[in-house]
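Dear colleague,

Please find below the structure that I am handing over to you. My account of what was found in it follows directly after.

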Amino acid sequence: MNKIFKQALLAVATTTIVVAAQAETTLVIVSWGGAYTMSQQRAYHDPYMALNPDIKIVNDDSSSEGASKLRAMVEAGNVTWDLLDAEAPAAITLCDEGLVEEIDFDTVLDPAPDGTPASVDFGESIVSPCFIPQIAYSTTLGYRSDIFDVEPTKMADLFDLKKFPGKRALEKRPDPNLEWALIADGVPVKDVYKVLDTEAGVKRAFAKLDTIKDQVIWWTKGSQPMQLLSDGEVAFGSAYNGRLFQAIVVDKQPIKMLWDAQAIQLDGWVVPKGAPNKAEVMKYLRFASDTQRNADQAKYISYGPLRASSAKLVGKHADLGIDMAPHMPTAPENMKGAFFFDFLWWADNKDDLTERFEAWLAKG
Amino acid sequence: MAIAEAQNEVITTADGVPLKISLKKALWQRKKTALLLVAPLFFFVLITFLIPIFDMLLRSVDNSIVAEQFPTVVVEIRNWELNSTELPDEATFQALFKDFKAGAIEKTISRLGRRLNYELSGMSSLFRKTARKIKKVETPESATETMIALDKKWGKLETWRLIKRESGKYTSSYYLSAVDAKKTSDGSISMKDEDRQIYLGLFWRTIKLSTAITLLTIILGYPIAYLMATVKTKTSNLLIILVLLPFWTSLLVRTSAWIALLQKEGVINDILVAIGVLSDDGRLAMIHNETGTIIAMTHILLPFMVLPLFSVMKTIPPSYVRAARSMGATPFTAFRRVYLPNTIAGIGAGGILVFILAIGYYITPALVGGTKGTLISNFIAHHISSSLNWGLAAALGAILLALVLILYILYDKIVGISNMRLG
Amino acid sequence: MPGDTPLVQFVNIQKSYDGEILVVKDLNLDVAEGEFLTMLGPSGSGKTTCLLMLAGFEPATYGEIYLKGKAINKVPPHKRGIGMVFQNYALFPHMTVSENLAFPLEVRNIDKSERETRVKRALDMVQLGTFGDRRPAQLSGGQQQRVAVARSLVFDPDLVLMDEPLGALDKNLREQMQYEIKHIHENLGLTVVYVTHDQSEALTMSNRIAVFDDGIIQQCAPPQVLYEEPDNAFCANFIGENNRFLGKVIEDYGDTVKVEIDNNAGTIIAKKVKVEGVGVRCTLSLRPERVTVNPEPGALPNIFSGVAEELIYLGDHIRTRFTVCGHDDFIVKIPNSADHAHLKQGDTVNIGWTAEDCRALDPSD
Ligand SMILES: Nc1ncnc2c1ncn2[C@@H]1O[C@H](COP(=O)(O)OP(=O)(O)O)[C@@H](O)[C@H]1O
Ligand SMILES: [Mg+2]
């Protein structure tokens with residue numbers, strides 16, 4: 001009798017605790033998963049939850065399909081995401097389509113420590129009124145360091161099957177493969193988008209890709225090219241510079257990377273229209289985008305903060321203690337030959353070129 | 001006379017009610033019970049299967065987005081002929097400006113751009129560019145000039161012909177796209193440019209690979225099923241577990257295993273090189289191509305062949321083959337003339353099951369098929385979850401559905417659906 | 001017409017399926033040409049196994065089977081030329097009746113016209129001339145059975161094996177088919193090895209019956225011998241009805257013995273069949289129809305008084321249960337003749353039998 005009573009009491013108590021726990025706010029933050037989400041967890045989420053015990057942050061690794069999933073959610077009238085980590089072109093299209101909130105940067109975000117307003121501090125990286133910039137990253141090339149007598153030095157080597165035989169892992173989408181094809185074909189970096197804007201340019205890019213097509217394994221998830229490179233299944237792999245950093249510097253794999261013709265891209269936050277906890281997520285954004293936090297992320301992954309005021313604060317890797325600045329895509333040494341991804345051009349042409357790219361692929 | 005009367009006489013039950021009515025009443029009770037038993041499943045299937053399929057068929061022809069975004073334009077453009085060599089009149093341009101600006105402010109217009117881009121490339125970027133600029137423009141004197149100034153594509157007949165052609169509530173264009181055809185600007189139907197054709201090839205590849213997979217599962221599954229049906233129950237239970245093993249391992253584990261096994265530097269290639277069958281640079285490509293898809297899908301779908309075969313074979317008494325042998329048939333003749341025909345129902349059921357599952361499979365081909373081993377379903381999935389071209393996805397799905405139905409009809413003609421045994 | 005060498009010879013055959021139990025223990029059996037031999041025995045006694053070994057579907061674990069004097073252990077089934085009718089008929093469901101019948105002819109490459117005449121003849125033989133185009137599933141059990149018989153005969157085998165072919169039929173049909181099969185056997189001069197667990201079927205049809213029990217042939221003899229002179233208690237019990245007494249031999253007179261029934265219930269003089277000397281235990285077996293009611297006193301060596309416990313009127317005879325010598329299950333068949341004793345339940349009368357009709361056999365269980 002007594003025992004049953006105690007059990008009942010325990011059950012009631014547990015229920016109360018669970019109910020109490022549910023009273024806190026849960027923010028669903030969608031990002032890219034893996035090392036990248038981990039860097040956000042450590043730089044933003046953990047400190048924020050420490051300061052705000054009533055907030056619980058849940059990660060969702062759906063960013064690679066973020067735009068389409070968000071469209072589907074809006075279509076179904078059931079948005080469950082509070083914040084989405086998106087690439088600039090996706091942010092632009094989502095903003096055009098009215099699926100994400102426009103942001104008043106200077107009221108929503110904190111100024112730099114010296115008082116510079118956020119809109120100025122982020123500067124040109126604000127490519128859309130909906131896009132709160134976070135980091136710059138690049139898509140670039142990794143290669144096996146143990147199979148070539150003469151190592152590759154430039155993007156054109158990716159297309160040189162004679163000198164550098166072997167399979168290539170490339171991302172299964174038109175960008176930045178088309179740009180690379182043109183650069184390898186001799187188009188100067190500054191003219192890439194001018195050429196690509198013409199039908200002849202697109203044809204030229206695809207023709208160049210045709211020369212390596214049957215040697216390409218197409219990847220869709222950031223972890224795949226790293227796996228293929230580690231297994232020796234491919235000689236080259238396009239990959240995000242942060243993942244390459246992880247494999248080369250942290251995991252010490254026999255892989256090296258090329259900075260030549262790296263495509264520098266921007267990544268940031270967008271707030272979905274109809275986010276369940278808009279007010280709370282705005283508070284989180286103010287915290288996560290401040291100067292110190294923006295710089296902190298670089299302690300965990302080699303992506304460059306986008307606040308001008310954060311750049312000076314980039315220090316050493318949190319676990320390895322190595323200096324992170326030279327590993328940033330934006331380090332001057334790495335910027336030779338790099339090109340900035342044209343977000344607007346891609347926002348306008350993505351639908352079209354994706355369709356052509358898929359057709360080109362399916363021709364097999 | 002008497003006979004006629006007897007014929008007309010109504011047979012009644014003891015209480016004088018005509019027999020037929022009494023019988024109906026009695027049967028109605030039974031029917032009611034049956035209906036009640038079936039009702040939950042019926043509603044479940046209705047909601048989760050029939051309505052979605054109906055919705056899919058509707059979506060594959062639905063074109064209402066054009067009238068939603070261009071409510072005035074679709075009215076005005078009625079006065080303009082498709083084969084006209086002049087641009088529409090100012091009134092139509094005014095309607096365009098009005099609808100477009102409203103859509104741009106609502107941020108809904110780019111969806112129409114995406115929709116029209118399916119028909120004519122460049123539409124999406126035209127709409128996005130125009131939408132970004134038009135918000136700042138006041139209602140103009142000459143909408144024609146203003147629009148053409150915003151983007152010269154508004155001054156092209158091609159653009160207007162497209163809008164005119166797609167101004168109806170329904171469209172056949174998704175189905176045309178699904179078979180690599182298009183409407184040309186004069187409204188006639190022709191095949192798409194060579195380098196834009198995808199789906200016919202994919203349908204063909206899907207059918208080809210699915211057939212290969214079905215045949216392979218028959219060849220591999222038949223002996224196993226036979227063994228299972230003839231050994232002791234204990235042994236056959238063990239065999240069933242082995243056959244079902246693929247179901248019990250997660251997809252990711254299986255996929256990694258295949259990759260480890262089949263890739264260039266994988267176990268099989270390593271072994272073949274080690275024993276000297278292959279030279280080191282002659283390693284076989286068995287994954288990220290059609291071979292990968294066939295191997296992996298055969299593996300996954302094998303149980304769907306083995307189980308129906310097993311259940312049919314279990315019902316074939318050993319005395320059939322014995323009888324044939326005693327009458328003078330060699331083992332092979334006895335198999336061919338007696339055993340095999342009696343397993344046709346199992347082969348048919350397993351075959352149709354495997355084939356239908358195969359043409360609808362997309363996860364495995366996406367993981368191990370590379371670009372040459374992807375199937376039509378991968379594109380359906382792509383259009384549903386990435387490109388969000390649901391109309392095209394629905395049209396492709398409807399064609400696939402039609403294929404399956406044709407298959408069923410053929411099967412019914414040849415084997416008979418009622419002979420199907422699934423286990 | 002029995003030939004010189006038997007058509008089939010089982011020599012020292014042993015069979016085990018699992019290496020632990022002998023299902024057939026040292027089988028020796030000859031089947032003469034033209035003979036109708038029945039293997040009779042309870043279920044599980046190894047009859048089917050013997051047929052399967054003969055047909056070639058199961059290898060003998062030890063011993064040799066001869067067909068027409070030739071050892072056939074290594075001859076595959078399809079070369080043995082033995083027709084077989086299976087317990088469940090084994091008609092091919094995907095073929096019509098005609099196709100079923102034509103099958104053995106086709107695999108023998110017999111040409112089409114010849115095939116058709118023989119199929120037609122076989123169908124006529126079993127009176128199914130108009131059923132050629134039906135599928136087996138569209139026939140009744142009796143019709144299927146006839147097709148199975150016809151199919152086993154259509155290629156003119158010397159030997160036909162039948163494994164409980166009538167087991168699935170109802171009583172009337174079964175009796176009718178027994179005669180039909182018997183007639184076919186006689187008309188065609190076939191050799192038939194027939195398996196059944198139904199003793200009346202065996203008695204009706206056979207030239208000889210081999211009684212199986214536990215993998216051993218208990219007795220192999222023509223029906224009347226088996227019925228009237230069973231060699232042992234199992235046969236006496238398994239075939240026909242039978243009153244049993246258990247007891248001990250107390251005197252041996254050479255041809256007859258005196259047996260004391262257990263529990264001192266009396267002594268019976270019986271024919272000495274399978275008992276060895278004084279003091280051994282034995283079973284006495286007596287057919288119910290060999291008992292006389294109200295015998296002349298002293299006319300029979302065995303006369304006892306019995307109480308009629310139950311009378312069942314069966315038309316041609318009255319089946320009466322008595323208590324005799326302490327046994328209350330003693331059955332007597334009183335023929336319904338003009339002058340038979342009219343008993344009532346509870347009557348006490350004398351009953352008796354000859355020593356010849358009461359057989360002293362081995363002590364069974
Ligand atoms: N295929 C088999 N495997 C193992 N044991 C068997 C097999 N067939 C029959 N037996 C066993 O052998 C014995 C004799 O069987 P069977 O010849 O079928 O008897 P019957 O036909 O007289 O009923 C039975 O105990 C049966 O269980
Ligand atoms: Mg049997």
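**Salt bridges within chain A**

In chain A, a salt bridge joins the side chains of Lys69(A) and Glu65(A), with an N to O distance of 3.8 Å. Please bear in mind throughout that this is a predicted model. Both partners of this pair lie between the buried and the exposed class: Lys69(A) is partly exposed, with a relative accessible area of 34%, and Glu65(A) is partly exposed at 32%.

Two further pairs each bring a buried residue together with a partly exposed one. Arg144(A) and Asp146(A) meet through their side chains in a salt bridge of 2.8 Å, N to O. Here the arginine, Arg144(A), is buried, at 11% relative accessibility, because buried means under 20% relative accessible area. Its partner Asp146(A), at 45%, counts as partly exposed. In the other pair, Asp296(A) forms a salt bridge with Lys299(A), and their closest N and O atoms are 3.6 Å apart. In this case the acidic residue is the buried one, Asp296(A) having a relative accessibility of 11%, while Lys299(A) is partly exposed at 33%.

These pairs belong to a longer list, for a search of the whole structure finds 57 salt bridges over all chains. Some residues are linked in a network of salt bridges, which contains Arg71(A), Asp96(A), Glu97(A), Asp348(A) and Asp351(A) from chain A, together with Arg114(B), Arg128(B) and Arg132(B) from chain B.

**The two domains of chain A**

The domain assignment divides chain A into domain 1, residues 3-136 + 267-326, and domain 2, residues 146-264 + 342-362. Taken over C-alpha atoms, the centres of domain 1 and domain 2 of chain A are separated by 29 Å. Their contact takes 16 residues from domain 1 of chain A and 13 residues from domain 2 of chain A.

How much area is buried between domain 1 and domain 2 of chain A? The value is about 1,300 Å², and carbon and sulfur atoms give 65% of it. On the side of domain 1 of chain A, Pro89(A), Ser302(A) and Tyr303(A) supply 29% of the area buried against domain 2 of chain A, more than any other three residues.

As for polar interactions, the count between domain 1 and domain 2 of chain A is one salt bridge, and three residue pairs are in polar contact between these domains. Helix α4 (residues 88-96) of chain A gives the most to the side of domain 1 that touches domain 2, with four residues. A salt bridge of chain A that may be inspected in the viewer is the one between Arg173(A) and Glu87(A), whose closest N and O atoms are 2.9 Å apart.

**Helix α10 of chain A**

Helix α10 of chain A spans residues 223-230, and its residues Pro225(A), Met226(A), Leu228(A) and Leu229(A) are buried. These four cover an arc of only 165° around the axis, so they lie on the same side of α10(A). What covers the buried residues of α10(A) includes the strands β4 (132-144), β5 (168-171), β6 (216-219), β7 (236-240) and β8 (255-270) of chain A, and also the helix α11 (241-250). After α10(A) comes Gly232(A), which has a positive phi, near 75°.

**The interface of chain C and chain B**

Between these chains, 23 residues of chain C are in contact with 18 residues of chain B. Together, chain C and chain B bury about 1,800 Å² between them, 65% of it on carbon and sulfur atoms. Of the area that chain C buries against chain B, 30% is supplied by Phe57(C), His78(C) and Phe103(C), more than any other three residues supply.

Which residues form a salt bridge with the closest N and O atoms 2.9 Å apart? They are Arg337(B) and Glu106(C). Across the interface of chain C and chain B one salt bridge is found, and the count of residue pairs in polar contact is six. Among the elements on the side of chain C that touches chain B, β6 (82-85) and α2 (97-106) of chain C each supply at least two residues. The largest share of that side comes from α2(C), with three residues.

With kind regards

Notes: Residues are numbered from 1 along each chain as its sequence is written. Chains are lettered from A and ligands numbered from 1 in the order in which they are written. This is a predicted model: local features need pLDDT of at least 70, side-chain atom pairs count only at pLDDT 80 or more; totals for chains, interfaces and linings use all residues. Side-chain values use heavy atoms; hydrogens and water are left out. Buried means under 20% relative accessible area, exposed over 50%, partly exposed in between (1.4 Å probe, protein chains only). The arc is that of the directions from the helix axis to the C-beta atoms. Contact means heavy atoms within 4.5 Å. Domain bounds come from an automatic or database domain assignment. Buried area is the accessible area (1.4 Å probe) that two parts lose on being put together, summed over both. A salt bridge is a side-chain nitrogen of Lys or Arg within 4 Å of a carboxyl oxygen of Asp or Glu. A polar contact is a pair of N or O atoms within 3.5 Å; within protein, one must be able to donate a hydrogen and the other to accept it, and residues adjacent in sequence count only if both atoms are side-chain atoms.
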